[in-house]
Amino acid sequence: MIVLKDITKKYDNGFEALKNISLHCNEGEITALIGPSGCGKTTLMKLINRLNNPTSGSVFIKGKDISEIDPVELRRSIGYVIQQIGLFPHMNIAKNVGTVPKLLKWDKERIGKRVDELLNLVSLDPETYRNRLPSELSGGQQQRVGVIRALAADPSVILMDEPFSALDPISREQLQEELVRLQREIKKTIVFVTHDMDEALKIADKIVLMKSGEIVQHGTPEEILRHPANEFVEDFIGQKRLKRYQGIPPVSQVMVERPITVTPNRGLAESMRIMEDKKVDSIIVVDEKNHLLGYVTVFDIVKAYQNEDTKIKDIMHSFNTTVNPDTPLTEAIQLMNKLQVPYLPVLNEKGLLEGLLTRGSIVGYVGSEYHSIKEGVV
Amino acid sequence: MQDYGYLSVFYERMPDLLGKLSEHIFLSGISVLLGCLVAIPLGVLLIKTHIRWMKSLTFNITNIFQTIPSIALLAMIATVLGFGTETAVMALFLYSLMPILKNTYAGFDSIDPQIIQSAEGMGYSPMQRLVQIEIPLALPYIMSGIRLTTVYIVSWAVLAGLIGGGGLGELILAALSLNDKPLIIASSVMAMILALVADFILGKLEKAFTKSSNTEAQKI
């Protein structure tokens with residue numbers, strides 16, 4: 001979606017702000033540029049809307065070289081949120097939010113409608129806030145307006161330059177959560193500059209770690225936490241955070257290794273007996289080679305029990321979601337919570353059933369961990 | 001010579017007073033207007049330019065005009081333009097430059113660079129940024145400069161009488177030579193009232209702009 005190719009940026013005084021940088025930002029993802037101040041992250045971001053131009057190299061958006069697009073036109077097609085607030089103090093909230101649509105010459109009615117829609121999106125009542133001046137809003141509210149102002153003309157790319165860094169910790173956390181929630185709906189390609197690792201880990205799909213004009217590491221938060229490229233990355237992440245993340249076991253350590261299974265051609269009475277025997281209320285269906293097919297609950301069997309010809313395969317449900325043995329436990333737990341399922345099948349790379357992550361197995365694991373810690377203390 | 005009292009002079013000499021008052025208004029008004037037309041664009045130009053010496057040079061030149069005593073300036077210009085209204089307007093115009101220029105510059109200078117960058121990043125063209133963002137934000141400062149200048153110019157315009165430039169100053173000088181005390185007082189009061197009224201009206205305007213732009217106006 002956004003491709004930066006062999007970018008260098010040299011200033012007249014000889015300072016090299018960016019050294020031969022190539023970067024790819026995927027469509028619909030949040031890419032966080034992070035690094036100590038002066039590392040070039042903001043400079044890099046500003047290349048994308050041509051607030052900065054590279055000394056050499058090119059930037060492509062959707063395959064188009066942006067040096068061939070008029071900067072003013074380009075900027076109107078890219079959302080922009082900056083540090084502090086950047087709201088225009090002499091315009092009310094509606095006018096601030098409607099800025100880009102107005103520059104794009106939308107008609108008044110359409111702008112008004114869009115403004116109300118956006119204010120609702122961040123839970124600011126349009127009736128109350130439309131006519132207020134920015135100074136009459138709290139810092140958190142102002143930054144919400146800053147974010148929706150960038151969304152106004154529905155750009156596919158949004159640049160955010162440390163948008164939440166001036167906020168108090170509570171509003172900052174709220175806004176980060178809101179951004180994550182919002183992003184699930186709007187699926188924009190977002191480039192987000194920050195110096196806060198927690199923020200990057202929380203919101204980013206990809207993290208780009210920079211140091212003195214170079215990219216040190218580029219990867220998912222998971223990759224960066226698990227395999228820091230060098231000492232600088234480790235230091236930047238911080239030992240405490242590394243331990244917290246690396247201490248989390250993969251699913252394979254927690255799962256039930258031999259879950260109760262049946263083959264699809266078994267009869268219902270037979271399956272019922274197995275379930276009674278093993279005291280479980282649902283059973284996993286696999287074929288002879290242990291490929292996962294689905295599951296059946298005891299209620300499904302009771303419902304269909306009258307018909308003697310019914311086989312397991314006739315009443316089984318398939319799984320929408322599975323995890324692999326390397327999935328970190330935290331991620332799997334979040335998934336289970338989100339999907340509201342009592343268990344998740346664990347498949348290896350060949351699609352064979354390795355085990356089953358159940359609530360019971362998680363409790364058992366946490367219990368044993370807690371136990372051992374306690375023992376260690378005593 | 002004087003056959004009227006301090007109060008009845010207003011009634012007796014009303015036509016003269018009003019005539020000279022309107023000349024005075026014209027004199028000060030045209031000078032301030034010219035000052036605005038030159039100093040405001042110049043201020044914008046100076047804030048946009050990156051050439052440092054141009055800034056200091058312009059400020060120094062306008063400052064120099066400010067330091068020349070008003071009578072001396074009038075005399076100097078009179079040697080070139082001769083006696084009359086043009087000379088008076090020229091001198092007053094030169095006096096008005098510095099305060100308007102300084103306030104215009106300060107107004108633009110006071111705008112948070114973040115706001116400018118945010119406007120640029122959102123896709124305002126340089127002209128749109130100037131008209132829709134920067135001028136409205138600098139306006140309270142500019143207005144305050146105009147107001148201050150107007151009050152000065154109204155009082156300095158009295159000196160125009162010395163070189164036949166018209167205005168209440170002429171009336172005062174005439175009355176002085178005739179030792180017509182009530183007329184001197186009446187003319188002076190007229191000039192004072194004019195200054196106060198101008199200050200009041202422009203103050204109201206300034207307040208209106210300040211309110212709408214929500215920025216504290218700073219007086220220089």
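What follows is a walk through chain A as a whole, a few of its residues, and two helix pairs, one in chain A and one in chain B. The structure is a predicted model, and every value below was computed from it.

Chain A makes a good place to start. It has 17 helices and 15 strands. Its radius of gyration comes out at 26 Å, well over the 21 Å that the globule rule gives for 378 residues, so the chain is more spread out than a compact globule. Put in a box along its principal axes, the C-alpha atoms of chain A take up roughly 80 × 55 × 50 Å. Of the 378 residues in this chain, 49% count as buried. The chain also brings distant parts of its sequence together: among contacts with a separation of 6 or more, 62% come from residues 24 or more positions apart.

Next comes a pair of helices in chain A. Helix α7 of chain A covers residues 139-151 and helix α8 of chain A covers residues 169-186; their axes come within 10 Å and cross at roughly 20°. With angles under 35 degrees counted as roughly parallel, α7(A) and α8(A) are therefore roughly parallel to each other. Their crossing is right-handed. On the α7(A) side, the residues that meet the partner helix are A:Gly140, A:Gln143, A:Arg144, A:Val147 and A:Leu151. Facing them from α8(A) are A:Ser171, A:Gln174, A:Leu175, A:Glu178, A:Leu182 and A:Ile186. Sorted by class, this contact has 5 nonpolar, 4 polar and 2 charged residues.

Helix α8 of chain A is also home to A:Gln176. Is this residue, A:Gln176, buried or exposed? Its relative accessibility is 5%, so A:Gln176 counts as buried, the cut-off being under 20%. Leaving aside residues up to four places away in sequence, A:Gln176 touches A:Phe164, A:Glu199, A:Lys202 and A:Ile203.

Two serines in the loops of chain A deserve a word on their backbone. A:Ser123 sits in the loop between α5 (108-121) and α6 (126-129). Phi of A:Ser123 is near 55°, a positive value in a residue other than glycine. A:Ser123 is exposed, with 61% relative accessible area. The other serine, A:Ser212, is found in the loop between β9 (206-211) and β10 (214-219). A:Ser212 is not a glycine either, yet has a positive phi of about 30°. At 40% relative accessibility, A:Ser212 counts as partly exposed.

Over in chain B, helix α5 (residues 85-109) and helix α7 (residues 126-156) form another pair, with axes that come within 8 Å and cross at roughly 150°. Angles over 145 degrees count as roughly antiparallel, and α5(B) and α7(B) are therefore roughly antiparallel to each other. The crossing of α5(B) and α7(B) is right-handed. Residues making the contact include B:Leu92, B:Tyr95, B:Pro99 and B:Phe108 from α5(B), along with B:Leu130, B:Glu134, B:Tyr141 and B:Trp156 from α7(B). By class, the residues in this contact divide into 13 nonpolar, 7 polar and 1 charged.

One more residue in chain B rounds things off. B:Phe26 belongs to helix α2 (residues 14-48) of that chain. B:Phe26 is partly exposed, at 48% relative accessible area. From C-alpha to C-alpha, B:Phe26 and B:Ala175 are 22 Å apart in space, with their positions 149 residues apart in sequence.

Technical notes:
Residues are numbered from 1 along each chain as its sequence is written. Chains are lettered from A and ligands numbered from 1 in the order in which they are written. This is a predicted model: local features need pLDDT of at least 70, side-chain atom pairs count only at pLDDT 80 or more; totals for chains, interfaces and linings use all residues. Side-chain values use heavy atoms; hydrogens and water are left out. Axes are lines fitted to C-alpha atoms, for helices over the stretch in contact, and angles run from 0 to 180 degrees between N-to-C directions. Helices (H or I, at least four residues) and strands (E, at least two) are DSSP runs, numbered from the N terminus. Angles under 35 degrees count as roughly parallel, over 145 as roughly antiparallel, 65 to 115 as roughly perpendicular and the rest as oblique. A crossing is left-handed if the near helix is turned anticlockwise from the far one by less than a right angle, and right-handed if clockwise. Contact means heavy atoms within 4.5 Å. Ala, Val, Leu, Ile, Met, Phe, Trp, Tyr, Cys and Pro count as nonpolar, Asp, Glu, Lys and Arg as charged, and the others, Gly among them, as polar. The radius of gyration is taken over C-alpha atoms; the globule rule is 2.2 Å times the number of residues to the power 0.38. Buried means under 20% relative accessible area, exposed over 50%, partly exposed in between (1.4 Å probe, protein chains only).
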